[in-house]
Amino acid sequence: MNNFEFYCPTRIVFGKGTIAKLPELIDKSKKILITYGGGSIKKNGVYEQVKNALEGYDVLEFGGIEPNPKYETLMKAVDIVKSEGIDFLLAVGGGSVLDGTKFIAAASKYYGEKDAYDYFMIEQNPVTDALPLADVITLPATGSEMNNGAVISRISTDEKLAFQWEPLYPQFSIIDPQVTFSLPVKQTVNGIVDTFVHVMEQYCTYDVNSPLQDDWALGILRTLIKEAPKVIANPDDYGARANVFWCATCGLNYWISLGVPQDWATHMIGHELTAFYGIDHGQSLAIIEPRLLRNQKVSKSKKLAKLAREVFGVNEPVDLKAADIAVDKIETFFNSLGMKTRLSDYDINAEEAAQKIRGRFAKRGTALGEKGAIDAEAAYDIVKAS
Ligand code: NZQ
Ligand code: ZN
């Protein structure tokens, strides 16, 4: 196992009725900006619960943060924070609202000359100070509720880039699985696929003698495969919703990544597909993951074979053959949820997409994956095969 450090200051408040605990979690003296998305929280009762819980607080609101949150929109919230003297941000929504709020938290403390996207996302200057933030998370997918990362898009340049800094951890995250009953099935499935691929990015590399991390990772996959059909068949199944949410949180709270190599190439290629073609994050991953695993099968064969045997119950002694079966089973699992796994399903021309991504990666000198083996040419092959 490799050396590691772990620190997570986020308090997790999990379960039924937990939104009512907001007054125990935020100091009365705070001037709060509630951030939210396109309005789902006003339809499913979450907004009302938050407003009731915060009665007596000094609260302003900023709505309209879109999926794949846009820098152009977020800067309008930064103006409000600065002009109104906001000192606490409460994100109420999915990963996009929370990620967007992390960016607002950083940009609100930035007074430099440069454009904040250039400064933080392109140049990756560290966030040393940020406004305190917390969330009521409404979509199990990103793990953003227990991590310090965010992915922000910029419309004017078709870019979608990630950043990750310690001041961006939420102070607390309220996870009430009941709020997910209202999710459209497409978003439920996006979240399940995102969680699955997060686990793969951290588990499916090469062995460094980390059996506990492996078992945690495979445990998340087994749980997801068991619970996913339940939430699709019965969206109001509280138990299954709770298990899926906890899988999503644990899928990217960094526990399974401790002391092990990580991949993240499926995500990096997927982000480009979203930036160029606007497809959902989960959809982009479902398209790329099977082809990337196939492309990298030899170097990932031990982990893939272990997954085939311990998650899918495959009885195949030859690692390379078991690895092939694992990739087929993963794609079949995605398809069984109604998730499409081909660029053509979205009318995207594979050759054109592959060329665009190769061009961008070549310019950046990209070398992705746990061994840096996925360069612009390999990314071209993967996208072309998708
Ligand atoms: O905008 P509203 O009206 O709220 O509707 C949202 C949105 O349309 C809706 N929704 C959310 N909760 C709902 C609900 N509808 C009904 N009931 C509910 N309870 O779902 C739609 C999608 O929401 P979004 O927040 O975009 O989805 P998700 O949570 O999957 O977040 C995706 C974003 O997170 C980034 C992705 O790249 C993408 O930008 N990621 C963030 C990561 C992180 N911070 O660590 C890691 C991930 O790999 C990922 O890249
Ligand atoms: Zn993801």
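This text goes through a metal site, several salt bridges and a pocket in a predicted model.

Start at the zinc ion (ligand 2). Its donors are Asp194 (OD), His198 (NE2), His267 (NE2) and His281 (NE2), at 1.9 to 2.2 Å. Along the sequence, these donor residues follow the spacing D-x3-H-x68-H-x13-H. Asp194 belongs to helix α7 (residues 185-203) and His281 to helix α11 (residues 281-295), so this pair ties together parts that are 87 residues apart in sequence. Asp194 and His281 are both buried.

Next come the charged side chains. Side chains of opposite charge can pair when their charged atoms come close. The model has 24 salt bridges. One of them joins Glu351 and Lys384, at 3.3 Å from N to O. Glu351 sits in helix α14 (residues 350-364) and Lys384 in helix α15 (residues 376-385), 33 residues apart. Helices α14 and α15 also hold Arg358 and Glu377, respectively, and the closest N and O atoms of that salt bridge are 3.4 Å apart. Glu377 has a relative accessibility of 44%, so it counts as partly exposed. Elsewhere, Asp115, Asp118, Arg154 and Glu159 are linked in a network of salt bridges.

Last is the second largest pocket, with a volume of about 300 Å³. Its lining is made of 16 residues, and Glu5, Phe6, Tyr254, Ser257 and Leu258 lie nearest its centre. By class, seven lining residues are nonpolar, seven are polar and two are charged. Domain 1 (11-178) and domain 2 (184-384) each supply at least three residues to this lining.

Technical notes:
Residues are numbered from 1 along each chain as its sequence is written. Chains are lettered from A and ligands numbered from 1 in the order in which they are written. This is a predicted model: local features need pLDDT of at least 70, side-chain atom pairs count only at pLDDT 80 or more; totals for chains, interfaces and linings use all residues. Side-chain values use heavy atoms; hydrogens and water are left out. On a 1 Å grid over the protein atoms alone, a cavity is a set of points where a 1.4 Å probe fits but cannot get out, and a pocket is an open set with protein on both sides within 12 Å along at least five of seven lines; lining residues have an atom within 4 Å of a point. Grid points are joined across faces, edges and corners, and a volume is the space filled by probe spheres set on the points. Ala, Val, Leu, Ile, Met, Phe, Trp, Tyr, Cys and Pro count as nonpolar, Asp, Glu, Lys and Arg as charged, and the others, Gly among them, as polar. Domain bounds come from an automatic or database domain assignment. Donors are N, O and S atoms within 2.8 Å of the metal (3.2 Å for Na, K and Ca); water is not among the atoms, so sites may look incomplete. Helices (H or I, at least four residues) and strands (E, at least two) are DSSP runs, numbered from the N terminus. Buried means under 20% relative accessible area, exposed over 50%, partly exposed in between (1.4 Å probe, protein chains only). A salt bridge is a side-chain nitrogen of Lys or Arg within 4 Å of a carboxyl oxygen of Asp or Glu.
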